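Q: I'm new to reading protein models, and I'd like to learn with one in front of me. Can we go through it feature by feature?

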Amino acid sequence: MQTKIIFENVGGRTIDFFTAIYEAWQLVIDSIKALPHIWFYRRQVTEQIYVFLVKTLPIAAVISIFVGLGAMIQGTYQSSALIPRTYVINVIFKSTIIELCPIILSLILAGKLGASLAAELGSMKISEQVEALETMSLDPVGFLIMPRILAGMIMLPIIIIFANFLAMFSVFFIASIATDWISPKEFLSGMQMNYRAFEFYFGNLIKPAVNGFFIALVGSYFGMRTHGGALGVGRAATNAVVVSAILIVFFDYYLARLLL
Amino acid sequence: MIEVRELSKNYNGMPVLNGIDLDINDNETLVILGPSGQGKTVFIKSLVRLIEPDSGTIRYDGIDVLTLPKRKFIAIQKKIAFVFQDNALFDFLNVKENLSLYLRMHSKLSEKEIFKEVLRAIEFVRMNEEVLDKYPEELSGGMMKRIAIARAIIQQPCYMFYDEPTTGLDEANVEMVVELIHKFKKRVCKFEKRVCATVVIVTHDIHLMHAVSDRVVLLKEGKIVFVGKKEEISEESLHRLYDTGVRDDL
């Protein structure tokens, strides 16, 4: 009897898992299908881009400054006196722009944006606003989801570029101007050392765009399948954060293996 | 004309709609009456394809809409407006944006012309311009209902569907809703000279049924138990319909 329950449970969860993947995939397909109508939904797209920017920029600024400074403290503390300081700056620069800033900010934005997206769409779903769109001959995917996914994919790279700039500027400010630990010239040559353009694109464009896509997709998916009132909205928000965080760290590893 | 044949819907094996056959004539006001949990909302939402029934057909002027792909259904959907029980106003838009959304997305009218239409709609529901900048959360229940009706009116529908339009409203607002239902038909038939003004209302409110209906359908356990004029409904059939509910207002 106990074994039967375990099998039923495992089987049910497996079916739920693959159903969720199928439904999320369907959402992606529907969003792609809505893309040719982007002019029709232009207002929604620009609104979402604005929302992403306003909601994330202040938090991105604060976090990136301290991520950069934290990396600098670790870099200088861990390196021995024998290692040239330009090398230390090079390690700080690369680890910050390729890994630290993109992943830390993506995880934080998954919490902030993913949760708010799921809660927003979830409350629209349970208050029949999504159905109201349909009765007004508007495609909920085109009106609500495609603009959010697009905004995520466009805005996250921009935010990460801004964050990386701030992080490195704060490192420069403390290391070169405030403490004189390294001269500005050495600092710049450390940043340029062993420079590969693709690494820059990878950390600033590819990875953030993928993360932005997952944050918006997962938030939208859980929002659109919300049911059960306020409890359902809370559940959707929590699930959105957890699942998008897992996807972000998984693809962080997988993309690095694949592309670097 | 809307023709419904053998419409059925089950949830978890439980039949909610049980082989419904019904003709809804052009320009009539049809009230579907029944206590809560009898399948009224599922039925009205099936009529506009917000819920996909398990079996049966729904024909609008001879076109079976259930077999149409969603893309092609839009042409018919544009003739339909729906007033939801909880109004379903977009809470991220203010009243003006709620009212202008449909025209902005589907018409080629200029902003000025859209604003004119918004003003007409707002006057229609006896409200004034001051409300336009407010968000739904700042409105009372009665005001939200009127805005929801205005948002439906602005679509210039042929078919107007109301889901429990008087639920949660006080007497004055119920009277207002009754007046607006009459006014919609009058405006469409008399002033706009359009021939289509079919109104379908699901409600448990017997007073509303008496006030607006041309024809009444009594729905019980997903089945139609009566179709006819309101004068033909006996006290006994109403009693039978509501025998599990409160009957104080009968």
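A: Sure, and we'll begin with burial: a residue is buried if 20 or more other C-beta atoms lie within 10 Å of its own, exposed if 12 or fewer, and partly exposed in between. Keep in mind that this is a predicted model.

Q: Okay, what does that make B:Glu6?

A: B:Glu6 has 13 other C-beta atoms within 10 Å, so it is partly exposed. You'll find B:Glu6 in strand 1 (residues 2-11) of chain B. Look at its backbone too: phi of B:Glu6 is near 50 degrees, a positive value in a residue other than glycine.

Q: And B:Asn87, is that one buried or exposed?

A: B:Asn87 counts as buried because it has 24 C-beta neighbours inside 10 Å. This residue is in the loop between strand 6 (80-83) and helix 3 (95-106) of chain B. Here phi is positive as well, near 75 degrees, and again the residue is not glycine.

Q: Where is B:Arg120, and how many C-beta neighbours does it have inside 10 Å?

A: B:Arg120 is in helix 4 (residues 111-124) of chain B. Its count is 14 C-beta neighbours inside 10 Å, so B:Arg120 is classed as partly exposed. You can also pick two places in a chain and look at their separation: B:Arg120 and B:Leu218 are 98 residues apart along the chain, and their C-alpha atoms are separated by 35 Å.

Q: How many residues of helix 1 of chain B are buried?

A: Seven of the eight residues in helix 1 (residues 40-47) of chain B are buried, so the helix is mostly covered. Among them are B:Val42, B:Phe43, B:Ile44 and B:Leu47, and also B:Lys40 and B:Lys45. After helix 1 of chain B comes B:Arg49, with a positive phi near 65 degrees.

Q: What do people use to describe two packed helices?

A: They give the angle between the axes and the distance between the axes. Try helix 2 (residues 42-78) and helix 5 (residues 140-178) of chain A: the angle is about 25 degrees and the axes are 7 Å apart. Helix 2 of chain A is therefore roughly parallel to helix 5 of chain A. Their contact involves 26 nonpolar, seven polar and one charged residue. The crossing of these two helices, 2 and 5 of chain A, is right-handed.

Q: What is the angle between helix 7 and helix 8 of chain A?

A: Helix 7 (residues 197-224) and helix 8 (residues 229-259) of chain A pack at about 150 degrees, with 9 Å between their axes. That angle is why helix 7 of chain A counts as roughly antiparallel to helix 8 of chain A. The crossing of helix 7 and helix 8 of chain A is right-handed. Residues that meet there include A:Phe202, A:Ile206 and A:Phe214 in helix 7 of chain A, and A:Ala236, A:Leu247 and A:Phe251 in helix 8 of chain A. By class, this contact of helices 7 and 8 of chain A has 15 nonpolar, five polar and two charged residues.

Q: How many residues does each chain bring to the contact between chain A and chain B?

A: Chain A brings eleven residues and chain B brings 17 residues. On the chain A side, four are nonpolar, four polar and three charged.

Q: Last one: what scores does the model have?

A: The model has ipTM 0.88 and pTM 0.85. Chain B has an average pLDDT of 89, and 94% of its residues score at least 70. Over residues 245-250 of chain B, pLDDT stays under 50.

Methods:
Residues are numbered from 1 along each chain as its sequence is written. Chains are lettered from A and ligands numbered from 1 in the order in which they are written. This is a predicted model: local features need pLDDT of at least 70, side-chain atom pairs count only at pLDDT 80 or more; totals for chains, interfaces and linings use all residues. Two residues are in contact if their C-beta atoms, placed from the backbone, lie within 7 Å. Ala, Val, Leu, Ile, Met, Phe, Trp, Tyr, Cys and Pro count as nonpolar, Asp, Glu, Lys and Arg as charged, and the others, Gly among them, as polar. Helices (H or I, at least four residues) and strands (E, at least two) are DSSP runs, numbered from the N terminus. Axes are lines fitted to C-alpha atoms, for helices over the stretch in contact, and angles run from 0 to 180 degrees between N-to-C directions. Angles under 35 degrees count as roughly parallel, over 145 as roughly antiparallel, 65 to 115 as roughly perpendicular and the rest as oblique. A crossing is left-handed if the near helix is turned anticlockwise from the far one by less than a right angle, and right-handed if clockwise. pLDDT is the predictor's confidence in each residue, from 0 to 100.
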